[in-house]
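Work through the exercises below with the sequence and the structure side by side. Each task is followed by a solution that goes step by step.

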Amino acid sequence: MKLAKKVYFTIKYLFIVTIIINIFMFNSDVYALTSTNQVNLADIVNDNSFEYYKTVDTILITQKDVKYLDEVDFSRFENLTNIIVKDCYKLDGSKIIPNKKVNLSINNSVLDLSKFDISKFENIYTSIVYNTSKKTISDDNLKAGIVNSEYNIDKKYDAKLNKIAEKIYLKSKNKADIIKNVTLYVVNNLEYDYDDTYVSLSMAESILKYKMGVCAHYAYLESQLLNKLGIFSLDISGYTDLNDRSNSTHAWVIVYINNKWYGIDPTWIDEPKKIFKNISKNNLYYMIDLSKKNNTFSIEHYPNLTLYNKIPKNNRVSKMSIINKKLINKKALKK
């Protein structure tokens, strides 16, 4: 199928993707918070009259504002109702302590969410956020826009995913081979759900029981299998057209290997009724070095989480890996 046709079907099923992917519920430029008087931390620090402490209802915190955190006394705000954290990758949430419960919105950020005292906030909105904390965040609202793969596991089908991953591992020689074999498994075992037949099912049920799905399913299956095989991967939501975001939503995969980020788009690699024996090294949608921007993949894929390269290196490891001594020994015996 030609690229134009693939884009057409992706556009056609925008509504399906928005239902399936929770993080599409929040657009990076739209917040559930309203404001009549919004300022950033720099404005507050530079206000010698201290008038902002009386009038401000919304504070916007971006990475360039973080340096002012120690100079702002959150307990002094009289009318504060909203705090928006946007485009941050280094921020100590424990320093944000309002004197009353307010709304908190976190967007396009890579942060340790356990540092935020969720008891201090009335409502919490998360949109396209990577949580660097090893602690599980229990608040349901806080889970909504988290992109970490470990939040996406469907326990009912986890054992079946493990068996698939184990078979791929046993026939793979190295990490590059694992990535290739995972991608081949995904494109050979999923069919695109052009008729909306399985949209009401859970992601894992549609994939593993009926072997049907849209771009989000392709990306989900690829990232789950890669992480189970010890390769850090994220299924990423975003756009294929930066100028027409409302009609070009899409999902794909990014992989961290050999100290580099690579992009894989299993949906656009796939072709109906075609069984792949291999994937060409020249494929425009397979293992594309994302540090090189002048390529077809980067031009056609605009991720919602633009700060993924700010995920600390010690966090770029799979927490779901099933590779253990028993499995390694089993592979050795097969050889």
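**Exercise 1. Establish how many disulfides the model holds, and describe the surroundings of cysteines 88 and 215.**

Solution. The model is a predicted one, and the count of disulfides comes to zero when two cysteine sulfur atoms must lie within 2.5 Å of each other. A disulfide is a covalent bond between the sulfur atoms of two cysteines. As for the surroundings, cysteine 88 has a relative accessible area of 0% and is therefore buried, and the value for cysteine 215 is likewise 0%, so this residue is buried too.

**Exercise 2. Determine the order of the strands in the open sheet that contains β1 to β5, and say which strands stand at the edges.**

Solution. Begin with the order, which is β1-β2-β3-β4-β5, with parallel pairing in an open sheet of five strands. Next look at the edges: β1 (38–40) and β5 (121–131) each have a single partner strand, so one side of each is left without a neighbour in the sheet. From one strand to the next, the twist averages 15°. For a detailed view of one pairing, take β3 (residues 82–86) and β4 (residues 102–111), which are joined in the parallel sense by five bridges; within this pairing, valine 85 has isoleucine 106 in β4 as its bridge partner.

**Exercise 3. Decide whether strand β9 is enclosed or open to the outside, and trace its pairing with β8 and β10.**

Solution. The first step is to count buried residues in β9 (residues 249–257): nine of the nine are buried, so the strand is largely enclosed by the rest of the structure. The second step is to separate the two faces. In a regular strand the side chains alternate between the two faces of the sheet. On one side of β9 lie Thr249, Ala251, Val253, Val255 and Ile257, on the other His250, Trp252, Ile254 and Tyr256, and all of these are buried, which leaves both faces covered.

The third step concerns the neighbours. Strand β8 (residues 233–239) runs antiparallel to β9 and is joined to it by seven bridges, with glycine 238 partnered by histidine 250. Strand β10 (residues 260–264) is also antiparallel to β9, through five bridges, and here isoleucine 257 is partnered by lysine 260. The strands β9 and β10 form a hairpin with two residues between them, and asparagine 258 in that turn has a positive phi of about 55°.

**Exercise 4. Find how many salt bridges the whole structure has, and work out which parts of the chain are linked by those of glutamate 150, glutamate 166 and lysine 180.**

Solution. The search finds six salt bridges. In one of them, glutamate 150 meets lysine 319, with the closest N and O atoms 3.3 Å apart. Glutamate 150 lies in the loop between α5 (140–143) and α6 (158–170), and lysine 319 in the loop between β12 (302–303) and α12 (325–334), so this pair ties together parts that are 169 residues apart in sequence. Glutamate 150 is partly exposed at 27% relative accessible area, and lysine 319 is partly exposed at 41%.

Continue with glutamate 166 and lysine 330, whose side chains form a salt bridge at 2.7 Å, N to O. This pair links helix α6, which holds glutamate 166, to helix α12, which holds lysine 330, across 164 residues.

The salt bridge between lysine 180 and aspartate 177, with closest N and O atoms 3.2 Å apart, lies within one helix: the two residues are three apart in α7 (residues 175–189), and are therefore separated by about one helical turn. Lysine 180 is partly exposed at 24%, whereas aspartate 177, at 13%, falls under 20% and so counts as buried.

**Exercise 5. Characterise the aromatic pair of tyrosine 130 and phenylalanine 232, and identify the cluster to which these rings belong.**

Solution. The structure holds 11 aromatic pairs. Tyrosine 130 and phenylalanine 232 form one that is edge-to-face, with 6.3 Å from centre to centre and 80° between the planes. The pair links strand β5, where tyrosine 130 lies, to the loop between α9 (215–228) and β8, where phenylalanine 232 lies, 102 residues apart. Both residues, tyrosine 130 and phenylalanine 232, are buried.

Ring pairs then link Tyr130, Phe232, Tyr256, Trp261 and Tyr308 into a cluster. Over the ring of tyrosine 256 sits the charged end of arginine 316, at 4.7 Å from the ring centre.

Terms used:
Residues numbered from 1 in each chain as written. Predicted model: local features only at pLDDT ≥ 70, side-chain atom pairs only at ≥ 80, totals over all residues. Heavy atoms only, no water. Buried < 20%, exposed > 50% of the residue type's maximum accessible area, 1.4 Å probe, protein only. Helix = DSSP H or I, 4+ residues; strand = E, 2+ residues; numbered from the N terminus. Pairing = 2+ DSSP bridges. Axes fitted to C-alpha atoms, helices over the stretch in contact; angles between N-to-C directions. Salt bridge = Lys/Arg side-chain N within 4 Å of Asp/Glu carboxyl O. Phe/Tyr/Trp six-rings, centres within 6.5 Å; stacked < 30°, edge-to-face > 60°. Lys NZ or Arg CZ within 6 Å of the ring centre and 35° of its normal.
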